[in-house]
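Trainee: Could you take me through one part of this model up close? I'd like to hear about the salt bridges, and then whatever sits around them.

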Amino acid sequence: MEFSSHSRVWVYQSDRKLTDAETLQAQVLLDKFTTGWTAHNNQLLAKAEIRYNRFLILFVDESQAGASGCSIDKSVNFMKQLEQHFGINLFDRFNLAYRDGEEILSVPRHQFEELLKAGKINTETIVFNNLAQNITELQTKWEVPFKDSWHIQLFRDLVS
């Protein structure tokens, strides 16, 4: 399926890395969900993917049918079911993910602050902007240096 660069995205970040087996199982569940995802009885052109065994991303190309409030509610409820099934948290917006070499880690806000103070995270550290709204933003503004992300506004006082 070809998706427009304007297709909407929703990025859900797990508070822990999923195992390979969990990732495969989650992908099957996500595929099943997106295949049946509708808005006002119209089939949505939707897909899902999991990146780095940690980020669950929903895509909807709204050129055929737009995601409505009800359809978005369906996706949120589905993600809450996945949370319970896998024992993960997908809705903690202050669980911040960053790259440490090739590894992707996530920590609560207070721990992120401590890593900043200790110099383990700096303005060049790659962080994940899960607020990306569409495919273009996902490609260009999702994995960015700390200094170019929304994170800098939150932690400005800790950066020299």
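Mentor: Arg99 pairs up with Glu143 in a salt bridge, with 3.1 Å between the closest N and O atoms. Arg99 belongs to strand 6 (residues 95-100) and Glu143 to strand 9 (residues 143-145), so this pair ties together parts 44 residues apart in sequence. Bear in mind that we're looking at a predicted model. As for Glu143, its relative accessible area is 30%, so it goes down as partly exposed.

The total is six salt bridges, so let's pick out a couple more. Lys147 and Glu124 meet through their side chains at 3.0 Å, N to O. That's another link between distant parts of the chain: Lys147 is in the loop between strand 9 and helix 5 (151-154), Glu124 in the loop between helix 3 and strand 8 (126-128), and they are 23 residues apart. Lys147 is partly exposed at 39% relative accessibility, and Glu124 is partly exposed too, at 48%.

Now set that against a local one. Glu114 and Lys117 form a salt bridge at 3.8 Å, N to O. Both lie in helix 3 (residues 109-117), three residues apart, or about one turn of the helix. Glu114 has a relative accessible area of 46%, which makes it partly exposed; Lys117 reaches 52% and counts as exposed, because the cut-off for that is over 50%.

Elsewhere in the chain there's an open sheet of three strands in the order 1-5-4, with antiparallel pairing. Strand 1 (8-13) and strand 4 are its edges, each pairing on one side only. On average, neighbouring strands there are turned by 15° against each other, ignoring direction. Strands 4 and 5 share seven bridges; along them, Ala46 stands opposite Val60 and Glu49 opposite Ile57. Three residues separate the two strands in their hairpin, where Tyr52 takes a positive phi near 55°. Two helices lie across this sheet: helix 1 (residues 20-36) crosses strand 4 and strand 5, at about 170° to strand 4, while helix 2 (residues 69-86) crosses strand 1 and strand 5, at about 20° to strand 1.

That hairpin loop is also home to Asn53, between strand 4 (45-51) and strand 5 (55-61). Asn53 counts as buried because its relative accessibility is 15%, and the limit is under 20%. Its side chain makes a polar contact with that of Thr23 at 3.2 Å. Leaving aside residues up to four places away in sequence, Asn53 touches Arg16, Lys17, Leu18, Thr19, Asp20 and Thr23.

Terms used. Residues are numbered from 1 along each chain as its sequence is written. This is a predicted model: local features need pLDDT of at least 70, side-chain atom pairs count only at pLDDT 80 or more; totals for chains, interfaces and linings use all residues. Side-chain values use heavy atoms; hydrogens and water are left out. Helices (H or I, at least four residues) and strands (E, at least two) are DSSP runs, numbered from the N terminus. Buried means under 20% relative accessible area, exposed over 50%, partly exposed in between (1.4 Å probe, protein chains only). A polar contact is a pair of N or O atoms within 3.5 Å; within protein, one must be able to donate a hydrogen and the other to accept it, and residues adjacent in sequence count only if both atoms are side-chain atoms. Contact means heavy atoms within 4.5 Å. Two strands pair if DSSP finds at least two bridges between them. Axes are lines fitted to C-alpha atoms, for helices over the stretch in contact, and angles run from 0 to 180 degrees between N-to-C directions. A salt bridge is a side-chain nitrogen of Lys or Arg within 4 Å of a carboxyl oxygen of Asp or Glu.
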